[in-house]
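Here are three short exercises to work through with the structure open on your screen. Try each one yourself before reading its solution.

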Amino acid sequence: MSRIGVFVCHCGLNIAKTVRVSELAQFASTLPDVVVAKDYKFMCSTPGQEMIANDIKEHKLDRVIVTACSPLMHEQTFRKVLENAGLNKYLVTIVNIREQVSWVTHDIEEGTAKAKAVLNGAVYRARLLAPLTSRVIDVNPDVMVIGGGIAGIQAALELANTGKKVYLVEKNSTIGGHMAQFDKTFPTLDCSACILTPKMDAVLQHKNITMMTYSEISEVKGYVGNFDITVKQKARYVDHSKCNACLACTEKCPGKGVSEWDEGLVKRKAIYIPFPQAVPQKPVIDREACTYFIKGKCKLCQKVCEQKAIDFEQEDSFSTVKVGAVIVATGYDLMNTKPLVQYGYGKYPGVYSALEVERLFNSAGPTGGKVTMRDGKEPQAIAIMHCIGSRDKNNYEHCSRVCCMYSLKFAHLFKEKTSADVYQFYIDMRAAGKGYEEFYNRIIEEDVKFIRGKGARVAESVDEPGRLIVEAEDTITGKFIQLPVDMVVLSPAMIPRSDSKDIARLLNLSTDKYGFFMERHPKLAPLSTMSEGIFIAGVCQSPKDIPDTVAQANGAAAEALTIVVKDKMELEATTAMVNPASCCACQNCVRVCPYGAPFFNDQKGVSEINEALCKGCGLCASVCPTSAIIARHFTNDQVLAEIEGLMEF
Amino acid sequence: MDFEPKILGIACNWCTYTGADLAGTTRLQYPQNLRVVRVMCSSRINPSFIFRAFQLGADGVLVGGCHPGDCHYNTGNLYARRRLAVTRKILEFAGIEPGRFRVEWISASEGNKFAEVVTEFTEQVRNLGPQTKFKIEQLPTPEKI
């Protein structure tokens with residue numbers, strides 16, 4: 001016999017609108033072992049929690065059922081209530097009558113009937129629940145940050161400044177990310193390098209930060225508080241411990257590779273640093289472009305290197321880093337617009353992608369900051385086309401959020417650097433951000449022409465060879481426009497990095513349909529993920545501007561700190577256990593477990609489970625032919641009882 | 001009165017259950033015939049859960065997990081996929097119409113897919129009528145399975 005208390009939440013009208021809550025509480029009081037049943041407006045509020053705590057004492061409850069929102073929302077809240085009232089926290093059951101009942105029907109009859117059925121299931125299950133003891137583990141105090149763009153840099157610095165040791169892993173040979181490619185940042189038009197490079201240097205100088213550039217994560221083991229992450233250091237063919245950054249090698253190198261930093265607009269050497277302010281200031285060799293690796297002879301760099309740092313025999317190396325928490329800040333790519341043949345990117349030299357234009361404006365860029373096109377001429381008329389591939393159901397439905405503003409920035413910079421006419425082809429002007437509407441108004445004043453209509457096509461001009469024609473429908477006048485221009489700038493969709501799927505797989509992160517990492521809760525846990533101890537920041541979560549990215553990075557750093565600031569932490573007690581009397585020694589459990597938690601005890605002749613490794617999925621319990629394995633909190637009896645309760649009504 | 005089927009749903013915590021929550025958060029509407037049991041992973045599903053539901057008079061059973069390859073526990077749903085394929089065969093052997101049992105991979109971001117699947121499956125089960133083949137009036141006293 002147990003003593004169950006049922007607490008039905010109205011959630012304002014969120015539940016009460018489509019479930020008759022007092023009738024539900026009345027119904028609950030008729031169910032077996034239920035000694036008290038109440039309804040209240042907001043069960044998660046302080047008075048609601050106090051009501052539960054008081055009733056636990058007054059009615060000597062040993063089981064609590066809260067009939068409210070999803071357990072993913074407030075299970076932890078109510079577990080605390082039980083704990084504070086002196087009851088084992090695993091004896092609370094949350095019945096989800098909001099997300100999965102009241103919000104998905106308009107019919108109060110249907111809603112009430114379903115709520116009764118699921119509550120009945122919970123009562124059946126609650127009677128069989130057992131108190132569980134949480135495991136306490138040691139926490140590794142270090143943190144890994146994956147991605148060395150502005151988000152990763154910011155998060156790493158924040159954490160390092162609290163005294164925590166940080167490993168910053170970056171796949172390129174320098175940190176800085178996309179922000180290092182920009183010339184100016186909207187809406188203030190302050191120089192991107194001037195605000196970023198001091199931070200890059202701070203990372204380099206910080207005694208608590210270990211930079212791991214030209215590196216990728218290749219394997220992740222462990223769990224929150226104790227991750228073992230294998231990092232692959234790609235072969236640089238330059239021994240950075242010997243290199244003194246004189247860069248004599250880069251001068252002599254005859255090899256030619258595509259400059260990623262200049263978006264392929266120019267060539268760079270085969271041994272190179274991506275840009276003059278790169279951190280670290282030490283070169284790597286691009287194997288694909290290196291004359292020695294292609295033809296088997298050259299080694300000019302080796303000859304000029306006084307430090308004898310060039311090492312053509314170097315291979316990829318692997319090291320394992322132990323950390324307590326991880327921040328993922330892997331950033332974005334711009335969509336490849338070549339497949340959108342109507343815009344002629346890659347076909348007409350006058351068509352540019354946004355990041356290429358960033359490089360044209362940059363004084364450290366391929367043109368030294370002068371706006372000249374691929375043919376060396378200065379454009380006389382420029383069309384900037386918004387929403388290429390984004391806000392487009394055929395490609396990416398999402399708004400990329402920053403394109404309106406950087407397109408305005410482009411317009412301003414074009415006006416400043418050329419005498420060209422500048423046209424904006426836009427669907428809507430989205431200027432939601434501090435100072436953004438003001439910036440928009442400022443650009444309107446600068447004699448930039450705005451055409452409200454998405455650019456539909458770019459074609460070669462028949463009348464003026466070499467020029468381009470932009471076609472669009474001006475949705476204000478309703479007229480079809482054919483505008484001759486010299487240069488077209490595409491503002492493509494921001495999408496997750498091409499390897500974000502690999503990161504998601506390694507770290508067990510969920511992604512949305514485009515590959516952006518899913519947050520634990522869109523509003524209340526926007527930086528947490530479903531994987532405990534792993535946090536996300538920046539555009540890898542969804543498109544956003546630099547201020548939002550930095551704010552998220554700070555937030556993620558604080559979230560990571562909440563884990564690594566403690567020496568020990570509690571883990572879920574919902575692990576599996578073996579009843580040795582029933583174990584038939586088949587070792588199915590040992591074979592299937594992805595974490596290696598079950599092991600065979602040769603002496604006893606039965607399987608046992610290492611609880612520190614068990615994550616509580618229950619797979620072993622299902623493959624056990626003799627039901628010797630018990631998945632705590634989800635035992636066969638508990639689940640079957642719940643099913644029985646659910647099917648009764 | 002029209003026949004209203006009873007449908008048992010078994011959903012994994014990380015993908016399908018979260019997807020079902022998302023369907024609610026975005027206020028998608030679907031029939032109220034489904035009652036969901038949450039398990040941590042689809043691999044936890046013992047076929048006896050499904051048989052018992054049919055014994056208890058369920059007219060349909062819907063199982064949801066993460067997409068193969070996206071399992072929160074790496075490989076759990078791959079084992080589940082095999083086991084559920086065998087379960088389907090046993091159900092067919094026992095005379096349960098195949099349309100009464102469905103396995104779907106629904107991720108945490110696919111609230112709309114969850115609503116669509118539930119709507120479609122409910123309609124399908126409704127058309128099959130009440131399930132009587134497997135239903136037993138008196139359940140034997142619970143015992144270890």
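**Exercise 1.** Which residues in helix 1 of chain B are buried?

*Solution.* Keep in mind that this is a predicted model. Start by going along the helix: T16(B), Y17(B), T18(B), G19(B), A20(B), D21(B), L22(B), A23(B) and G24(B) are buried. Next, weigh that against the length of the element: 9 of the 10 residues of helix 1 (residues 16-25) of chain B are buried, so the rest of the structure largely encloses this helix. Then look for the cover, which includes strand 1 (7-12), strand 2 (34-39), strand 3 (60-65) and helix 4 (111-128) of chain B, along with helix 3 (71-84) of chain A. Finally, step past the helix to R27(B), which follows it and has a positive phi, near 60 degrees.

**Exercise 2.** Find how many residues each chain brings to the contact between chains A and B, then sort the chain A side.

*Solution.* Chain A gives 44 residues and chain B gives 43 residues. On the chain A side, helix 4 (108-126), helix 16 (619-623) and helix 17 (636-648) each supply at least two residues. Helix 17 of chain A has the largest share, 9 residues. Sorted by class, the chain A side has 21 nonpolar, 13 polar and 10 charged residues.

**Exercise 3.** Work out how helix 4 of chain A and helix 17 of chain A run relative to each other.

*Solution.* First, take the axes: they come within 7 Å and cross at roughly 150 degrees. Angles over 145 degrees count as roughly antiparallel, and therefore helix 4 of chain A and helix 17 of chain A are roughly antiparallel to each other. Their crossing is right-handed.

Technical notes: Residues are numbered from 1 along each chain as its sequence is written. Chains are lettered from A and ligands numbered from 1 in the order in which they are written. This is a predicted model: local features need pLDDT of at least 70, side-chain atom pairs count only at pLDDT 80 or more; totals for chains, interfaces and linings use all residues. Two residues are in contact if their C-beta atoms, placed from the backbone, lie within 7 Å. Helices (H or I, at least four residues) and strands (E, at least two) are DSSP runs, numbered from the N terminus. Ala, Val, Leu, Ile, Met, Phe, Trp, Tyr, Cys and Pro count as nonpolar, Asp, Glu, Lys and Arg as charged, and the others, Gly among them, as polar. A residue is buried if 20 or more other C-beta atoms lie within 10 Å of its own, exposed if 12 or fewer, and partly exposed in between; C-beta atoms are placed from the backbone. Axes are lines fitted to C-alpha atoms, for helices over the stretch in contact, and angles run from 0 to 180 degrees between N-to-C directions. Angles under 35 degrees count as roughly parallel, over 145 as roughly antiparallel, 65 to 115 as roughly perpendicular and the rest as oblique. A crossing is left-handed if the near helix is turned anticlockwise from the far one by less than a right angle, and right-handed if clockwise.
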